[in-house]
Amino acid sequence: MTVSATSEVSADLLERVRGVLALQGAPPTPARVAMALRSQGLVHGDAEVLAVVDALRRDTVGAGPLEPLLRLPGVTDVLVNGPRQVYLDRGQGLEPAPVSFLDDASVRRLAQRLASAGGRRLDDATPFVDVRLVDGTRFHAVLSPVARPGTCLSLRVLSQRAFTLDELARAGTIPGSAAGLLGDIVAAEVAFLISGGTGAGKTTLLATLLSRVNPLHRLVLVEDAGELRPDHPHVVSLEARPPNVEAAGAITLRDLVRQALRMRPDRLVVGEVRGAEVTDLLAALNTGHQGGCGTIHANSATDVPARLESLGVAAGLSREAVHSQVASALQVILHLRRDPGGVRRLSEICTFTRDSIGIVTALPAVRFAADGTSQSGPGASRLELLLGGR
């Protein structure tokens with residue numbers, strides 16, 4: 001059964017009470033709501049008064065009617081497509097949530113309040129926003145009519161801790177046979193990228209692997225929005241900042257990568273490689289910074305070299321320079337995918353190799369089937385060499 005965000009309180013009634021309380025500058029307590037109803041010539045019982053109080057409070061506290069969804073165990077994403085379609089993801093794909101909004105104006109009010117809480121503007125002149133909330137939740141919104149079927153919200157819930165490899169194995173994200181191999185990749189200080197699509201679990205796996213780094217090492221994390229929470233004793237996190245309403249004050253990932261290099265990192269980590277910062281990261285990994293890592297969006301592991309090429313060329317490098325740097329800087333790709341049922345899993349480990357004309361390609365070392373079985377590929381010997389016989 002769908003539970004309305006307003007507990008079936010009518011929109012007209014809410015607006016009338018909200019207007020009275022706004023004039024008074026008063027919070028929606030039961031006594032004040034009852035007085036506001038009487039001032040409008042309306043008489044309601046205690047149950048109706050409390051329903052109005054609950055509806056008004058949900059409009060002004062936390063994420064409103066979405067708050068209970070964000071607190072559910074295992075929830076990674078909450079998505080709102082207009083007032084009637086709310087979905088959540090608990091690691092098994094999207095599922096409808098038992099919540100709805102009264103109308104699009106209610107969704108819009110929530111979006112603007114959350115944007116304001118993050119210090120950002122959201123209105124018809126600036127109809128979209130991407131911001132990190134105080135509790136770490138990543139919030140994105142697009143107002144209608146730019147978005148259909150109404151104002152759309154996306155909330156990415158920040159994991160409060162890093163999972164262990166054993167926990168990911170039990171969840172089916174990694175095959176049990178891969179746990180030791182992944183641990184060896186971290187211990188050998190191999191530079192790697194985790195690739196996959198949106199919501200494939202890249203950040204989750206990266207945080208898990210960073211938790212396995214030598215505790216004497218200093219991790220410097222560079223992120224667009226602070227999502228990584230590795231269980232490690234020495235972590236410094238740098239977070240990008242978008243421009244303000246005057247289009248000033250931006251701090252880019254490229255700025256932060258350059259700063260990170262001056263902070264004596266043992267491991268330089270870029271949460272998501274997606275722009276010109278790729279040139280600074282590759283340069284850093286080519287000048288003695290071992291074990292660097294990050295994530296990158298790609299449809300498959302074999303697409304990663306082409307993705308790096310496109311980013312590097314867009315940043316001003318020649319194609320030859322990009323492939324030359326990639327060949328020297330990076331060794332391994334870990335690719336994640338989501339099965340049709342929504343389960344995130346490690347599907348492939350590849351090594352980088354360079355052909356006779358200098359073009360870098362991804363060579364499969366190990367492929368993992370959905371049932372956890374593995375098959376060695378032509379890159380297996382290269383991977384074994386990188387791991388030093390571990």
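How many salt bridges does a search of the whole structure find? The search finds 18 salt bridges, a salt bridge being a side-chain nitrogen of Lys or Arg within 4 Å of a carboxyl oxygen of Asp or Glu.

The model is predicted, so local features need pLDDT of at least 70 and side-chain atom pairs count only at pLDDT 80 or more, while totals for chains, interfaces and linings use all residues. Residues are numbered from 1 along each chain as its sequence is written, and side-chain values use heavy atoms, with hydrogens and water left out.

**Exercise 1. Describe three salt bridges and the accessibility of their partners.**

Step 1. Side chains of opposite charge can pair when their charged atoms come close. In the pair Arg90 and Glu95, the closest N and O atoms are 2.7 Å apart. Arg90 has a relative accessible area of 39% and is partly exposed; buried means under 20%, exposed over 50%, and partly exposed in between (1.4 Å probe, protein chains only). Glu95, at 25%, is also partly exposed.

Step 2. Arg254 forms a salt bridge with Asp280, with 2.6 Å between the closest N and O atoms. This pair links distant parts of the chain, 26 residues apart: Arg254 lies in helix 9 (residues 253-260) and Asp280 in helix 10 (residues 277-285). Helices (H or I, at least four residues) and strands (E, at least two) are DSSP runs, numbered from the N terminus. Arg254 is partly exposed at 25%, whereas Asp280 is buried at 12%.

Step 3. Arg367 and Glu348 meet through their side chains at 3.3 Å, N to O. Here Arg367 belongs to strand 16 (residues 360-368) and Glu348 to strand 15 (residues 344-354), 19 residues apart. Arg367 is partly exposed at 43%, and Glu348 is buried at 8%.

**Exercise 2. Lay out the open sheet and its edges.**

Step 1. The sheet has 6 strands in the order 4-3-2-8-7-6, with antiparallel pairing. Two strands pair if DSSP finds at least two bridges between them.

Step 2. Strand 4 (94-96) and strand 6 are at the edges; each has a single partner strand, so one side of each lacks a neighbour in the sheet.

Step 3. Within the sheet order, strand 8 stands beside strand 7. Strand 7 (residues 138-142) and strand 8 (residues 152-156) are joined antiparallel by 5 bridges, and Arg138 has Arg156 as its bridge partner in strand 8.

Step 4. Arg138 also belongs to a network of salt bridges with Asp130, Asp224, Glu227 and Arg274.

**Exercise 3. Characterise strand 10 and its partners.**

Step 1. In strand 10 (residues 219-223), 5 of the 5 residues are buried. Leu219, Leu221 and Glu223 point one way, and Val220 and Val222 the other.

Step 2. Strand 10 runs parallel to strand 11 (residues 235-239), joined by 5 bridges, and Leu219 is partnered by Val235.

Step 3. Strand 10 also runs parallel to strand 12 (residues 267-270), through 4 bridges; here Val220 is partnered by Leu268.

**Exercise 4. State what lines the second largest pocket.**

Step 1. A pocket is found on a 1 Å grid over the protein atoms alone, as an open set of points where a 1.4 Å probe fits, with protein on both sides within 12 Å along at least five of seven lines; lining residues have an atom within 4 Å of a point.

Step 2. The lining comprises 26 residues, and Arg120, Asp130, Arg241, Pro242 and Pro243 lie nearest the centre. Strand 6 (residues 128-132) gives the largest share, 3 residues.
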